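Here's a walk through one protein chain, written for someone who'd like to know what sits inside, what sits outside and what touches what. Have the viewer open as you read.

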Amino acid sequence: MRAARLIKMVLLLQSRPSMTAAELARELEVSERTVTRDAQALSEAGVPVYADRGRAGGYRLIGGYRTRLTGLHRSEAEALFLSGVPGALREMGLEDAASAARLKVSAALLPSLRDAPRTAAQRFHLDAPGWFKELRTPELLPAVAEAVWDDRRVTARYRRAEAEVERRLEPYGLVLKAGVWYLCARVADAGAFRTYRIDRFTAVEPGEERFTRDEEFDLPAFWEEQAERFARSLLRTEVVVRLTPDGVRGLRYAVDPLSARDALAAAGEPDAKGRVTATLRVESEDVAHTQLTALGPEAEVLSPPSLRARFAADARRLAELYGG
């Protein structure tokens, strides 16, 4: 375990001009005293780690020291070649750069690990889009991706409902969700972060001006928050259901998982028969009818009356079909 930590420490110092003991301790999840001992051990092993004293001091590598990728295990080398998504890189216009990087990494590996790219590709393939969808790469995706990498402001025209709007955007990051590309950007004039579907852009004009990133912006956290907010915005109709224990277990497979989680969290205690009454938020009565039908007799709709009447009609038809 210590050997892996020492290797990580060297790689961290290779990637930055210097790091304080506190920064290294946070990255390595150890105490600052352990960082001091590890730095001394590396120095004794011939790795030129130098400690600058004082409040602005820290640790750095001297003499342009670089380590080769000879400490990788096979599983680590194969995981490295799984970290890219070839289709996404190609769509962003980065296929050549990614290919060159893979070749350089392959050349630095030990001979016994040179087949890692082939063995990884034979064992894993990512097909991001859902079934029964024919998706096209947005024509403006490469231009947007280039602006994201360059931290360059863009002027974009965007289809919204029946109109087009123009915005000056600071493009922070790209997200590929179920085969659809999204841009997370800050509106230059308003300062607020927004999410845009790239296939709805009609024009993107990169400007000469670069913007300064907000270092506290967390793309995965922002996307998760936006995705949950969007999912909740679709759930506009309330349905009250009484669920058997089997219905409770099967609810998250029948309806939106977010809706099921919220409904069960707010539900009261089971009645004498173990049934739970819960209020579900759904897209519409039609959607609720389709989804709750999958639970059969494990779910009884209490309201709205119109939906309960539809299930009562279904029950009568089923009784006619199977009554004999």
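## Helix 10 and its two sides

Which residues of helix 10 (residues 245-254) are buried? They are Gly-247, Gly-250, Leu-251 and Ala-254. Buried here means under 20% relative accessible area, exposed means over 50%, and partly exposed is in between (1.4 Å probe, protein chains only). Helices (H or I, at least four residues) and strands (E, at least two) are DSSP runs, numbered from the N terminus.

Look down the axis of helix 10 and the buried residues fall within an arc of 140°, so they line one face of the helix. That arc is taken from the directions from the helix axis to the C-beta atoms. Flip to the other side of helix 10 and you'll find Arg-249, Arg-252 and Tyr-253 exposed. The buried residues pack against strand 8 (237-243), helix 11 (257-266), strand 9 (276-282) and helix 12 (285-293).

## What you're looking at

This is a predicted model, where local features need pLDDT of at least 70 and side-chain atom pairs count only at pLDDT 80 or more, while totals for chains, interfaces and linings use all residues. Residues are numbered from 1 along each chain as its sequence is written, and side-chain values use heavy atoms, with hydrogens and water left out.

The protein chain has 13 helices and 10 strands. Of its 324 residues, 31% count as buried. Its accessible surface (Shrake-Rupley method, 1.4 Å probe; for residues, only the protein chains shown count as cover) comes to about 21000 Å², and 52% of that belongs to carbon and sulfur atoms. Contact means heavy atoms within 4.5 Å. Among contacts with a separation of 6 or more, 62% are between residues 24 or more positions apart.

## The cores

In soluble globular proteins, nonpolar side chains tend to be buried together. A nonpolar core is a set of buried Ala, Val, Leu, Ile, Met, Phe, Trp, Tyr and Cys residues joined through side-chain atoms within 4.5 Å. The largest one in this chain has 21 residues, and Leu-169, Leu-174, Leu-183, Ile-198 and Phe-201 have the most contacts inside it. Helix 8 (141-150), strand 3 (152-160), strand 4 (163-177), strand 5 (180-187) and strand 7 (201-210) each give two or more residues to this core. The largest share, 5 residues, comes from helix 8.

Leu-169 is a good residue to click on: beyond its neighbours within four places in sequence, its contacts include Val-154, Leu-183, Tyr-196 and Phe-201. A second, separate core has 18 residues, among them Val-239, Leu-243, Ala-299 and Val-301.

## Helix 8 up close

In helix 8, Leu-141, Val-144, Ala-145, Ala-147 and Val-148 are buried. They cover an arc of only 160° around the axis, which puts them on the same side of helix 8. Glu-146 and Trp-149, on the other side, are exposed. Right after helix 8 comes Asp-151, with a positive phi near 55°.

Ala-128 sits in the loop between helix 7 (116-123) and helix 8, and it's partly exposed at 33% relative accessibility. Leaving aside neighbours within four places in sequence, Ala-128 is in contact with Leu-176, Ala-178 and Gly-179. Ala-128 and Leu-176 are 48 residues apart along the chain, with 8.2 Å between their C-alpha atoms.

## Charges

What does a search of the whole structure turn up in salt bridges, and how many? There are 22 of them, each a side-chain nitrogen of Lys or Arg within 4 Å of a carboxyl oxygen of Asp or Glu. Arg-157 pairs with Glu-164, the closest N and O atoms being 3.0 Å apart. Arg-197 pairs with Asp-199, and here the closest N and O atoms are 2.6 Å apart.

Glu-225 and Arg-229 also meet in a salt bridge (2.9 Å, N to O). Because they're 4 residues apart in helix 9 (residues 219-234), they are separated by about one helical turn. Salt bridges that share partners also join Arg-153, Arg-168, Glu-170, Arg-186, Asp-189 and Glu-209 into one network.
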